[in-house]
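Here's a quick tour of a protein fold, written for someone fairly new to reading structures. Keep the 3D view open and click along as you go.

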Amino acid sequence: MINYLKGLIRRIDKEEARVVLDVNGVGYELLLPYFVMRSLEEEERGEGDEVEMEIYFHASERQPRPILVGFRKGFERTFFEKLIQVEDVGVSTAARSLVFSISTIARAIEEGDTALLVQMPGIGRRTADKMVATLKGKVAEWALLKD
């Protein structure tokens, strides 16, 4: 399993929120949540720059091609692992839905603010309700983080 990568950004696709990370001559394609892509842009990281990424590695029988999701911090990956425990929230949906900071999403879950959750791409009313029902009381530590 791949847990962590450090390498040079070889290619960035902002529309698809993907980067190819060159680690000692091997290119790893990483799907990035929006807030991670935004952090790279804010730091003015681009092709040729070195980055370190915490990795969520996903492979299943239904998805034979592994998906690597990149995060800047370990706590972001841990929150993501909680989020995909929600029924109907898969790896790709979860990665694309993370347009707000981890603390904002966690706070919305803890407060039952489904109005904010449905603003996340791919998250409808029913899924937002499931997120609150499944995770309320389990993501309080992330809700306390400062953006």
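How many bridges join strand β1 (residues 4-13) to β4? Five bridges do that job, and the two strands run antiparallel. Keep in mind that this is a predicted model. From the strands we'll move on to the core, the aromatic rings and the charged pairs.

**Strands side by side**

- Let's start with β1 and β4: in this antiparallel pair, G7 stands opposite V51 in β4.
- β1 also pairs with strand β2 (residues 18-23), again through five bridges and again antiparallel.
- To find a spot where β1 and β2 meet, look for L8, whose bridge partner in β2 is D22.
- β1 and β2 form a hairpin with four residues between the strands. In that hairpin, A17 takes a positive phi near 55°.
- Here's a handy bit of background for looking at any sheet: in a regular strand the side chains alternate between the two faces.

**The nonpolar core**

- The largest nonpolar core has 46 residues. Which of them touch the most other members? They are L30, M53, F79, F80 and L117.
- Helix α4 (residues 102-111) gives this core its largest share, namely five residues.
- F80 is a good one to click on. Setting aside neighbours within four places in sequence, F80 is in contact with Y56, V69, F71, V91, A94, A95 and L98.

**Aromatic rings**

- A pair of aromatic rings is described by two things: the distance of the centres and the angle of the planes.
- How many aromatic pairs does a search of the whole structure find? The search turns up three.
- One of them is Y56 with F80, an edge-to-face pair with 5.3 Å centre to centre and 65° between the planes.
- That pair links distant parts of the chain, with Y56 in strand β4 (residues 50-58) and F80 in helix α2 (residues 74-83), 24 residues apart.
- Are Y56 and F80 buried or exposed? Both are buried.
- Why does the pair of F79 and W142 count as edge-to-face? The ring planes sit at 65°, and over 60 degrees counts as edge-to-face. The centres of these two rings are 5.8 Å apart.
- F79 lies in helix α2 and W142 in helix α7 (residues 140-143), so this pair ties together parts that are 63 residues apart in sequence.
- F79 and W142 are both buried, too.
- Ring pairs also link Y56, F71 and F80 into a cluster.

**Charged partners**

- Side chains of opposite charge can pair when their charged atoms come close.
- A search of the whole structure finds 11 salt bridges.
- One of them brings together the side chains of R77 and E54, at 3.0 Å from N to O.
- R77 lies in helix α2 and E54 in strand β4, so the pair ties together parts that are 23 residues apart in sequence.
- Where do R77 and E54 sit, buried or exposed? Both of them are buried.

**A little network around D88**

- Which residues are linked with D88 in a network of salt bridges? The others are E87, R126 and K130.
- R126 forms a salt bridge with D88, and the closest N and O atoms are 3.9 Å apart.
- That bridge connects distant parts of the chain: R126 is in helix α6 (residues 125-135), while D88 is in the loop between α2 and α3 (91-97), 38 residues apart.
- R126 has a relative accessible area of 59%, so it counts as exposed. D88 has 49%, so it counts as partly exposed.
- K130 forms a salt bridge with D88 as well, with 2.5 Å between the closest N and O atoms. K130 is in helix α6, and here the two partners are 42 residues apart.
- Why does K130 count as buried? Its relative accessibility is 15%, and buried means under 20%.
- The side chains of K130 and D88 are also joined by a polar contact of 2.5 Å.
- Not counting residues up to four places away in sequence, K130 touches V86, E87 and D88.

Technical notes. Residues numbered from 1 in each chain as written. Predicted model: local features only at pLDDT ≥ 70, side-chain atom pairs only at ≥ 80, totals over all residues. Heavy atoms only, no water. Core = buried A, V, L, I, M, F, W, Y, C linked by side-chain atoms within 4.5 Å. Buried < 20%, exposed > 50% of the residue type's maximum accessible area, 1.4 Å probe, protein only. Contact = heavy atoms within 4.5 Å. Phe/Tyr/Trp six-rings, centres within 6.5 Å; stacked < 30°, edge-to-face > 60°. Pairing = 2+ DSSP bridges. Salt bridge = Lys/Arg side-chain N within 4 Å of Asp/Glu carboxyl O. Polar contact = N/O pair within 3.5 Å; in protein donor to acceptor, adjacent residues only side chain to side chain.
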